[in-house]
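Here are my notes on this one, set out as numbered points. Have the structure open while you read.

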Amino acid sequence: MRGTVRLWSVTALAVAGVIAAGCGGGSKNSSSGSSGTPASGTGSINVAIVDNPQMKDIAALTPKLFTAKTNIKVNYTVLDEGTLRQVTTRDVAAGGKQFDVAMIGPFEAPQFGQQGTLVDLTPKASSDAAYQVNDIIPAVRNALSVGGKLYAAPFYGESSFLMYRKDVLKKAGVTMPDHPTWDQVAAAARKVNSPSMAGICLRGKPGWGDLGAAFTTVLNTFGGTWWSAKPDGSVDKAMVDQPAFKQALQFYVSLVKDAGEKDAANSSFNECLSQYKDGKVAMWYDATVAAGLLEASDSPVKGKNGYAAAPVVETKNAGWLWSWALAIPKTSSKQDLAWKYISFATGPEYLKEAGSQIPGGWAALPPGTRQSTYAIPEYKKAAKAFATQTLDAISSAPITNPGTTKRPGLPGVQYVGIPEFQDVGNGCTQQFSAVIAGRASIDAALKNCQGIASQAAQG
């Protein structure tokens, strides 16, 4: 993690002034950096969120649904995924004081919780009757907890699956199974690929949570792993130079080059979402949360999509498990106000109120966090095409046994649950993205990555 904190010093100049148009005026309130706790129910808080559509929806609705009722102003900072991870590492893990609420996920929450840098939300969530903590889907709640303590509240939960244009595949004579193999998906992608429509969109943008997330699920099911584990669960040795790792990377790169999207080396979730909705790709392997955006009332591809389980090779399941969730750094001086915001943003009432007010309608609600969401009549109707597949993917995500070999660290599917993975994943995906872009060979990338991973294993 030392390297990650050093990386922040370079990134800080780029993000220090990136305060998005936040609720209540778009700039930080002058009291946000003051010491002491404001009067109960009044004041302002600073919140860092990822630049995804559902987060933009809540930022737009916060003045009406939250600030007007509580008199608590929320100053949002909206950052791309990679930058957000660096910022939260600085502000949470390294004891910064910029944010009262930070958006993190299952990779960070258990680790930061163990380190003592996050507020344990369990007492607040349990004593808040309106929050209904037991309504949270168990797999998602467990992923954000350690030692039975909840360290982040889920805004949305997701696994991964394959999304595809039913009309395009049908015209090409391709039938997609409900549980496909990667060979079947690759064959379909190459068959439907054309100059006007790529066969598939796969993440190629560097970053352990960008290219690294999608690729690691492929690596797992090919029988590969980043590191082997010692009997006590600690890191043993790097396994990047092993045949299964090369086979997985060769498969991924070849598929992207043969039938992937344009500018694949710079594409992640948002770029693939845009290309899929614009009719530029026929299939997309990514987060289940995307389905609600594809079936939203304002989506040009609404009703044209099929959804299949994450493709496999040697494993039964391959879908990841993630949640963008809200946590309170221990350094925040406004923890009571921060919880009031989190209770609003991740509670059941926001889901009931937002469905009729967000641009995409009920289908675009933040999914995968609460069992009660799937009982809302309007949501059941709007999400009929993907709700069951989403819940099945989340419940079957192989969180404790993601591959064919034992892995070190805390549970995780699309990442390895050790602090070192953040730097290793970022460094290695720079190498892999260069291969996708045609700037490096697979052998050179694997050699460099093996060196990066080996150094981390040595401490």
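The points below go through the sheets, the disulfides and the cavities.

1. First, a caveat: this is a predicted model. Please read each item below with that in mind.

2. Let's start with the five-stranded sheet. It is open, its strand order is β2-β1-β3-β12-β6, and the pairing is mixed. The edges are β2 (72-79) and β6 (153-158), each of which pairs on one side only. From one strand to the next, the twist averages 15°.

3. For a closer look at one end of that sheet, take β1 (residues 43-50) and β2. These two run parallel and are joined by eight bridges. If you want a spot to check by eye, Asn 46 stands opposite Asn 75 in β2.

4. Next comes the three-stranded sheet. It is also open, with the order β10-β7-β11 and antiparallel pairing. Here β10 and β11 (305-309) are the edge strands, each pairing on one side only. The twist averages 30° from one strand to the next.

5. How do the neighbours of β7 pair with it? Strand β7 (residues 160-165) is antiparallel to β10, with five bridges between them. Five bridges also join β7 to β11, and that pair runs antiparallel too. On the β10 side, Ser 160 stands opposite Ala 287; on the β11 side, Tyr 164 stands opposite Gly 306.

6. Is edge strand β10 buried or exposed? Five of the five residues in β10 (residues 283-287) are buried, so the strand is largely enclosed by the rest of the structure. Pairing on one side only therefore doesn't leave β10 out in the open, given that its five residues are buried.

7. On to the cysteines. The model has two disulfides, and with the bonded cysteines numbered in sequence order the pairing reads 1-2, 3-4.

8. One of the disulfides is formed by Cys 201 and Cys 272, with the sulfur atoms 2.2 Å apart. It links distant parts of the chain: Cys 201 is in the loop between α8 (182-192) and α9 (211-221), Cys 272 is in helix α11 (residues 269-277), and the two are 71 residues apart. The angle about the S-S bond is -80°, which makes the link left-handed. Why does Cys 201 count as buried? Because its relative accessible area is 0%, under the 20% cut-off. Cys 272 counts as buried on the strength of 0% relative accessibility as well.

9. Cys 428 and Cys 449 are joined by the other disulfide, at 2.1 Å from S to S. Cys 428 belongs to helix α17 (residues 421-436) and Cys 449 to helix α18 (residues 442-457), so the bond ties together parts 21 residues apart in sequence. This link is right-handed, with 95° about the S-S bond. Both Cys 428 and Cys 449 are buried.

10. Last, the cavities. There are two of 30 Å³ or more, and the second largest has a volume of about 30 Å³. Which residues line the second largest cavity? They are Ile 49, Met 55, Ile 58, Tyr 76, Met 103, Phe 155, Leu 326 and Tyr 341. By type, that lining divides into eight nonpolar residues, no polar and no charged.

Definitions and conventions. Residues are numbered from 1 along each chain as its sequence is written. This is a predicted model: local features need pLDDT of at least 70, side-chain atom pairs count only at pLDDT 80 or more; totals for chains, interfaces and linings use all residues. Side-chain values use heavy atoms; hydrogens and water are left out. On a 1 Å grid over the protein atoms alone, a cavity is a set of points where a 1.4 Å probe fits but cannot get out, and a pocket is an open set with protein on both sides within 12 Å along at least five of seven lines; lining residues have an atom within 4 Å of a point. Grid points are joined across faces, edges and corners, and a volume is the space filled by probe spheres set on the points. Ala, Val, Leu, Ile, Met, Phe, Trp, Tyr, Cys and Pro count as nonpolar, Asp, Glu, Lys and Arg as charged, and the others, Gly among them, as polar. Buried means under 20% relative accessible area, exposed over 50%, partly exposed in between (1.4 Å probe, protein chains only). Helices (H or I, at least four residues) and strands (E, at least two) are DSSP runs, numbered from the N terminus. Two strands pair if DSSP finds at least two bridges between them. A disulfide is a pair of cysteine sulfur atoms within 2.5 Å. Axes are lines fitted to C-alpha atoms, for helices over the stretch in contact, and angles run from 0 to 180 degrees between N-to-C directions.
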